[in-house]
Amino acid sequence: MKEWVIETSALSKRYKGRYAVSNLNLKIGKGEIYGFLGPNGAGKTTTIRMLLGLIKPSSGAIQLFGQPLHKHKLSILRKVGSLVEYPSYYGHLSATDNLEAIRRIIDAPKERIGEVLRIVGLSKEAKRPVKGFSLGMKQRLGIAGALLGNPELLILDEPTNGLDPAGILEIRELIKSMPREFGITVLISSHLLSEVELMANKVGIIRQGELVFQDTLESLQQQARGSISLRVSEAERAMVLLDGIGVDSSLAGELLQLDSTDDAVVSKAVKELVMAGHAVYRAEERRKSLEELFLRIVGEGQG
Amino acid sequence: MMLVKAFRADLLKAKGKGLWLLVCLAPVGLIAMQALNFGLRYDYLTSIFAGKLWIGLLDNLSMFVPIALVMGITIVCSLLANIEHHTSSWKQLLALPIPRSAVFGAKFAVAAVMLGLSCVLLTLGTVLLGLALRFGIEMPMADILALSFFPYLASWPFLALFLWLCMTFRNQAVPMTLGVVAAILTLFGISEWVPVSWPMLAFTGPKREWFIGAGLLVGAIILLIGMLHFSRKDVH
């Protein structure tokens, strides 16, 4: 039996008759980086707040580390680090004091503050008031706060929201290192698949409060099969020719699309075309991007 | 104990927020007002209070202690709550392994300690002012302490209520308005059944202990209700 760090069953949250989250069955295993995806307003933050005990589910159950959350809230939260939406911080305090305010509550050793600041690369800014920090630095401070108690599970809600590309890269590297270096399980939510696909190994997609996909990233990638498109001098005649040698293709405007991305098939097709006197200007792989697939998944059911 | 941990964290967060300044300024302001009052009308006031100069000083001060207290309570509660509202730190704080009742209790304790300190300063200020006005070394210490602390204890219902309101509403306009109204109402001695009258009655009496007791009791009840609500509410 696999050991689930987070397991929800039929988790629902209703606001004024409308379901923000409905019938959610999340399963997140130890050591995974779980990408929790969905458009804005799909219920990601509501779910995360329920996982942290900030809001109460209308129905359904939450188990963290195999224990029901509502019964063992404090002992469970002791093993969880979190960053919910935009970072929380006390602007008038320095980075160190911000962490100290958390440390006094969770009873972590004092040296831990220096350690987590080092992990997120804020050691040099430790003494500055946080209100002067850039968003990326505040976000990293938030992650430092989440790491302070040596958590076994890190729950990060949109941790790269509003960051510039360099900041996104930094945070991504940081998150990727968590399971590897510290054995931490990570749940990270985002509305961008491109964000998550570079770090997650498991993906859950939520749409209008319902989980519509939950599997490994590879399985999602398989669903997003690619195709090869060729730009040739006479596309229609080329298609007929390829048909003759048993290569399936279709016309897409001026382009000829091969359904298979197999190397042997592609090289055979190109060779035949060239031999038959066609000019092949370009041969490129068009991966139906995960993003397109993601958009299709989240787009379904929206009229 | 969890409450102590949260209390220590709150003390750290209150650093540099002007709270301590307020705690010191309020009694200093009250004393300065009376220094001005007695300084300008020294001969007149010392003649009408002849033989009971200290009591005269306390009488003049007592008018303003309840209003200052309730104002102070409102501002302290609002500033304390705003530390968390300001950058939406509630979600971070309440996702920590600490019972919400401890979070709420710690804020109450910080507010109570701060206001208590104001009262200590008021005692010191009263004594110093009396001595400076050459009212003599034989001061009515019991009455001085009564003025400094009885109205404070009788205003606990407001301490609990405004802390709860300030922590519940992100928009501080509602608790602030109510606080100012309540503070002004302390001046009028409406009825001994209304809590706004208790801070004044706790000093002027008669039956001071009734109003102190009622204040502490109602304060404790509101504190419990507030705690219960705060522990159950959803945090957004």
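These notebook entries record what I looked up in a predicted model.

**Entry 1: domains of chain A**
I began with the division of chain A, which gives domain 1 (4–221) and domain 2 (226–287). I then looked up the separation of their centres, taken over C-alpha atoms, and noted 46 Å between domain 1 of chain A and domain 2 of chain A.

**Entry 2: the sheet in chain A**
I next traced an open sheet of 6 strands in chain A and wrote down its order as 7-8-9-4-10-11, with mixed pairing. Which strands lie at the edges? I found strand 7 (80–83) and strand 11 (210–216) of chain A there, each pairing on one side only. For the turn between neighbouring strands of this sheet I noted an average of 15°, direction ignored.

I looked more closely at one pair within chain A. Strand 4 (residues 33–37) and strand 9 (residues 185–190) of chain A pair in the parallel sense, over 5 bridges. At A:Gly35 I checked the partner and found A:Ile188, in strand 9 of chain A, standing opposite.

**Entry 3: helices against the sheet**
I asked which strands helix 1 (residues 44–51) of chain A lies across. They are strand 4, strand 8 (153–157), strand 9 and strand 10 (202–207) of chain A. The helix runs at about 150° to strand 8 of chain A.

Helix 11 (residues 290–299) of chain A also packs on the sheet, where I found it touching strand 4, strand 10 and strand 11 of chain A. I recorded an angle of about 40° between the direction of helix 11 and that of strand 10 of chain A.

**Entry 4: nonpolar cores**
I turned to the largest nonpolar core and noted 148 residues in it. The residues with the most contacts inside this core are A:Ala144, A:Val186, B:Ala111 and B:Leu163. I followed B:Ala111 further: leaving aside neighbours within four places in sequence, it is in contact with B:Val76, B:Cys77, B:Leu80, B:Leu159 and B:Leu163. I also recorded a second, separate core of 10 residues, which includes A:Leu230, A:Val232, A:Ala238 and A:Leu242. In soluble globular proteins, nonpolar side chains tend to be buried together.

**Entry 5: the contact between the chains**
How many residues does each chain bring to the contact? I noted 23 residues from chain B and 25 residues from chain A. On the side of chain B that touches chain A, the elements giving two or more residues are helix 1 (2–13) and helix 6 (90–94) of chain B. Helix 1 of chain B supplies the largest share of that side, 6 residues. By class, I found the residues of this side of chain B to be 11 nonpolar, 5 polar and 7 charged.

Methods. Residues numbered from 1 in each chain as written. Chains lettered and ligands numbered in written order. Predicted model: local features only at pLDDT ≥ 70, side-chain atom pairs only at ≥ 80, totals over all residues. Domains from an automatic or database assignment. Contact = placed C-beta atoms within 7 Å. Helix = DSSP H or I, 4+ residues; strand = E, 2+ residues; numbered from the N terminus. Nonpolar A, V, L, I, M, F, W, Y, C, P; charged D, E, K, R; others polar. Core = buried A, V, L, I, M, F, W, Y, C linked by C-beta atoms within 7 Å. Buried ≥ 20, exposed ≤ 12 C-beta atoms within 10 Å, placed from the backbone. Pairing = 2+ DSSP bridges. Axes fitted to C-alpha atoms, helices over the stretch in contact; angles between N-to-C directions.
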